[in-house]
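The following report describes a single protein model for computational use. Please consult the sequence and the coordinates alongside the text.

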Amino acid sequence: MRTLFKGGTVVSGAGAKRADVLTDGEKILAVGRNLKQEADAVTDVSGCLLFPGFIDAHTHFDLDVAGTTTADDFYTGSRAALRGGTTTVIDFACPNKGESLHHGLELWHRKADGRTFCDYGFHMTIDDWNESIRSELPDMFAQGVSSFKMYMTYPAMMIGDRDMYWALKELKALGGICGVHCENAGVIDGMIAEYKAAGELGPDSHPRSRPPYLEAEAVGRLLRIAQAANCPVVIVHLTNHEALREVEHARQRGQRVYVETCPQYLLLDESLYFNPDFSTAARYVCAPPLRSRTEQEALWRALRRGEIQTVSTDHCSFTLAQKDMGRADFTKIPGGLPGVETRGELIWSYGVAKRRITPARMCRLLSENPARLYGLFPRKGILWPGSDADIVVYDPGLSHVIQAEDCVANVDYNPYEGFVTAGGIREVWLRGQKAVDRGAVLDESPRGRYMARGKCSL
Ligand code: DUC
Ligand code: ZN
């Protein structure tokens, strides 16, 4: 089956150009002006932009957190992702301390295989370091897992400086890349104890006990550890300018550092935690927390200058009933926000339409860079002959108001409720088949495929 997308503007990391796109089966066959090849179907996309399917390299589906499980599993989460133009997610396989990486990978395949609407891959969490884990790493690469994750906070998952150094040295030798959650665990723990002792147990104690400088401290420390290990790293969900300054210093020393941020840090601010209604404030609890408006502007500036390479979501959704677990103690509020369904439209509307970034920059942030960083390029991340025919048809004329009741993620609120979009996603195509049409998910059953990934090429 050949489909011709006629009359649109094709966006790549290099720019936006008027061009037709011809797909054949699951692949792109040709991209160019006024293509004359025969097609079985023609889709008129004049006035629209064609993006390579978005990649969300930071999701948590079906994850056990703080005595509960995320509201979205692979079925509901990936369906929401597809609706938002995301044709590939990379979720975090997360073995518990004491379990093998193989066990974690098998478990995540069981959660995802046959239940995922978009294509998917896994990063592997390293929360323990010993000879057994070390010896498992080469087989992770053989199974298509080329990126890893470590935590500098959360007792259940954090790994100390020494083990982080050894793990990074090993990843360097194997050609891997590692994302790191950077927050200073010890001081945050101390501050939490102080707020609790003072009886300040509401959601506003969450941002106050996790200030931006304790994130910046961890970023700086990680980057010195990475320097010692001579290993490239990814700072995930970076939120503030002091952390960016640490990155700049490391880059000046010659280190390879990649940075991810998320829509919540660009568009929502910490004042939301100070709402006197518990449920309204608790819904925004995530770590790191939302920051000030000044930090938002610093992040937009860094996006524009190319200092941040990717925008992913850290989608980790909980219902309001789940958030209620922390009514008497803010540390019991499960941390995380939904976001997988709205990222593309938000970044277009509040980034491109407000002239903070160009369409090409958006393409790099949401498609091309995550594909290169996580070993999916050029299969994903570009509309080019031979690539997968994953296409987002973005119509700048389709504006709407974001409302939880219109969304399909398995969660009863939306952090961006009431945000007005500039344009919207008209269609999403996954490997040559239309999967979403004007908000309706067309696939009745999941047909997402596991993507074995290669090494970083960014
Ligand atoms: N932060 C969250 O808020 N939730 C999931 C994991 C994380 O790092
Ligand atoms: Zn996360």
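Pro288 is found in the loop between helix H10 (278-282) and helix H11 (293-305); helices (H or I, at least four residues) and strands (E, at least two) are DSSP runs numbered from the N terminus. The peptide bond that leads from Ala287 into Pro288 is cis, with omega near -5 degrees. A cis bond also joins Phe377 to Pro378, with omega near 5 degrees, and Pro378 is placed in the loop between helix H14 (359-373) and strand E18 (391-395).

The model is predicted: local features need pLDDT of at least 70 and side-chain atom pairs count only at pLDDT 80 or more, while totals for chains, interfaces and linings use all residues. Residues are numbered from 1 along each chain as its sequence is written, chains are lettered from A and ligands numbered from 1 in the order in which they are written, and side-chain values use heavy atoms, with hydrogens and water left out.

Backbone angles of note are collected below.

| Residue or bond | Angle | Value |
|---|---|---|
| Ala287 to Pro288 | omega | near -5 degrees |
| Phe377 to Pro378 | omega | near 5 degrees |
| Asp62 | phi | about 50 degrees |
| Arg438 | phi | near 45 degrees |

Asp62 has a positive phi although it is not a glycine, and lies in the loop between E8 and strand E9 (64-65). Arg438, likewise a residue other than glycine with a positive phi, is located in the loop between strand E20 (433-437) and strand E21 (440-441). Arg438 counts as exposed because its relative accessibility is 55%; exposed means over 50% relative accessible area, buried under 20%, and partly exposed in between (1.4 Å probe, protein chains only).

**Zinc site.** The zinc ion (ligand 2) is coordinated by His58 (NE2), His60 (NE2) and Asp314 (OD), at 2.0 to 2.2 Å. His58 lies in strand E8 (residues 54-59) and Asp314 in the loop between strand E17 (310-311) and helix H12 (320-323), so this pair ties together parts that are 256 residues apart in sequence. Along the chain, the donors follow the spacing H-x1-H-x253-D. Donors are N, O and S atoms within 2.8 Å of the metal (3.2 Å for Na, K and Ca); water is not among the atoms, so sites may look incomplete. Both His58 and Asp314 are buried.

**Surroundings of Tyr120.** Tyr120 is part of strand E12 (residues 119-125) and, at 3% relative accessibility, counts as buried. Leaving aside neighbours within four places in sequence, the contacts of Tyr120 (heavy atoms within 4.5 Å) include Thr88, Val89, Ala112, Gly448 and Tyr450. The C-alpha atoms of Tyr120 and Arg355 are separated by 31 Å, with their positions 235 residues apart along the chain.

**Overall form.** The protein has 14 helices and 21 strands. Its C-alpha trace spans about 70 × 50 × 40 Å along the principal axes. The radius of gyration is 21 Å, which agrees with the value near 23 Å for a compact globule of 458 residues; this radius is taken over C-alpha atoms, and the globule rule is 2.2 Å times the number of residues to the power 0.38. Buried residues make up 61% of the 458 residues. Of the contacts with a separation of 6 or more, 75% are between residues 24 or more positions apart.
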